[in-house]
Amino acid sequence: MDAGFAWGLSFKCPCGCGELVNLNLVGSRPVWNASILDGELNITPSIWRNAGCKSHFWIVGGEIKWVI
């Protein structure tokens, strides 16, 4: 964060592979939007790892929604 503004978001991949997922919240593409509504995290668009486990998912209402 810089002056209370989040520039990025990092978390372990929810598939269990243990890899770190880093999302850019500002600047050039790709860029994601993160919001907290009623205390729950929402991220758009979907997160699609193009390396490693290749997981594809959404975070909606603080829950992982897998793309199948």
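## Ile43 and its surroundings

Let's start at Ile43: setting aside residues within four places in sequence, Ile43 is in contact with Leu9, Leu23, Trp32, Asn33, Ala34, Trp58 and Ile59. Please keep in mind as you read that this is a predicted model.

Ile43 also belongs to the largest nonpolar core, whose 10 residues are Phe11, Cys13, Val21, Leu23, Leu25, Trp32, Ile43, Ile47, Phe57 and Ile59. Three elements each give two or more residues to this core: β2 (20-24), β4 (40-48) and β5.

## The chain as a whole

Stepping back, the protein chain has zero helices and six strands, so the pattern along the sequence reads β-β-β-β-β-β. Its radius of gyration is 12 Å, close to the 11 Å that the globule rule gives for 68 residues, so the chain is as compact as a globular protein of that length. Along the principal axes, the C-alpha atoms fill a box of roughly 35 × 25 × 20 Å.

Of the 68 residues in the protein chain, 24% are buried. Among contacts with a separation of 6 or more, 20% come from residues 24 or more positions apart.

## Strands β1 and β2

β1 and β2 pair in the antiparallel sense, with five bridges between them. One of the partnerships you can look for here is Lys12 with Leu20, the latter lying in β2.

β2 also has two faces worth viewing side by side. Val21 and Leu23 make up its covered face, while Leu20, Asn22 and Asn24 lie on the uncovered one. Both Val21 and Leu23 are members of the largest nonpolar core.

## The β5 and β6 hairpin

Strand β5 is joined to strand β6 (residues 63-66) by four bridges, and the two run antiparallel. Within this pairing, Trp58 has Lys65 in β6 as its bridge partner. The hairpin has two residues between the strands, and Gly61 takes a positive phi near 60° there.

His56 also has its place in strand β5. Is His56 buried or exposed? His56 has a relative accessible area of 15%, which is under the 20% cut-off, so His56 counts as buried. Its side chain makes a polar contact of 2.8 Å with the side chain of Ser46. Not counting residues up to four places away in sequence, His56 touches Ser46, Ile47, Trp48, Trp66 and Val67.

## An aromatic cluster

How many aromatic pairs are there? The count comes to two. In one of them, Phe11 and Phe57 meet edge-to-face, at 6.4 Å centre to centre and with 70° between the planes. This pair links distant parts of the chain, as Phe11 sits in strand β1 (residues 8-12) and Phe57 in strand β5 (residues 56-60), 46 residues apart. Phe57 and Trp66 form an aromatic pair as well, again edge-to-face, with 5.5 Å from centre to centre and 65° between the planes.

Together, Phe11, Phe57 and Trp66 form one aromatic cluster. Burial across the cluster is worth a look. Phe57 has 0% relative accessibility and counts as buried. Phe11, at 18%, falls under the 20% limit and therefore counts as buried too. Trp66 has a relative accessible area of 43%, so Trp66 is partly exposed.

## Backbone details

Two cis peptide bonds deserve a visit. One runs from Arg29 to Pro30, with omega near -5°, and Pro30 is found in the loop between β2 and β3 (33-37). Another joins Thr44 and Pro45, where omega is about -5°. Pro45 has its place in strand β4.

There are positive phi values to check as well. Asp38, although not a glycine, has a positive phi of about 55°. This residue lies in the loop between β3 and β4 and, with a relative accessible area of 73%, is exposed. Lys54 is not a glycine either, yet has a positive phi of about 65°; you will find Lys54 in the loop between β4 and β5.

Definitions and conventions. Residues are numbered from 1 along each chain as its sequence is written. This is a predicted model: local features need pLDDT of at least 70, side-chain atom pairs count only at pLDDT 80 or more; totals for chains, interfaces and linings use all residues. Side-chain values use heavy atoms; hydrogens and water are left out. Rings of Phe, Tyr and Trp (its six-membered ring) pair if their centres lie within 6.5 Å; planes under 30 degrees apart count as stacked, over 60 as edge-to-face and the rest as tilted. Buried means under 20% relative accessible area, exposed over 50%, partly exposed in between (1.4 Å probe, protein chains only). Two strands pair if DSSP finds at least two bridges between them. A polar contact is a pair of N or O atoms within 3.5 Å; within protein, one must be able to donate a hydrogen and the other to accept it, and residues adjacent in sequence count only if both atoms are side-chain atoms. Contact means heavy atoms within 4.5 Å. A nonpolar core is a set of buried Ala, Val, Leu, Ile, Met, Phe, Trp, Tyr and Cys residues joined through side-chain atoms within 4.5 Å. The radius of gyration is taken over C-alpha atoms; the globule rule is 2.2 Å times the number of residues to the power 0.38.
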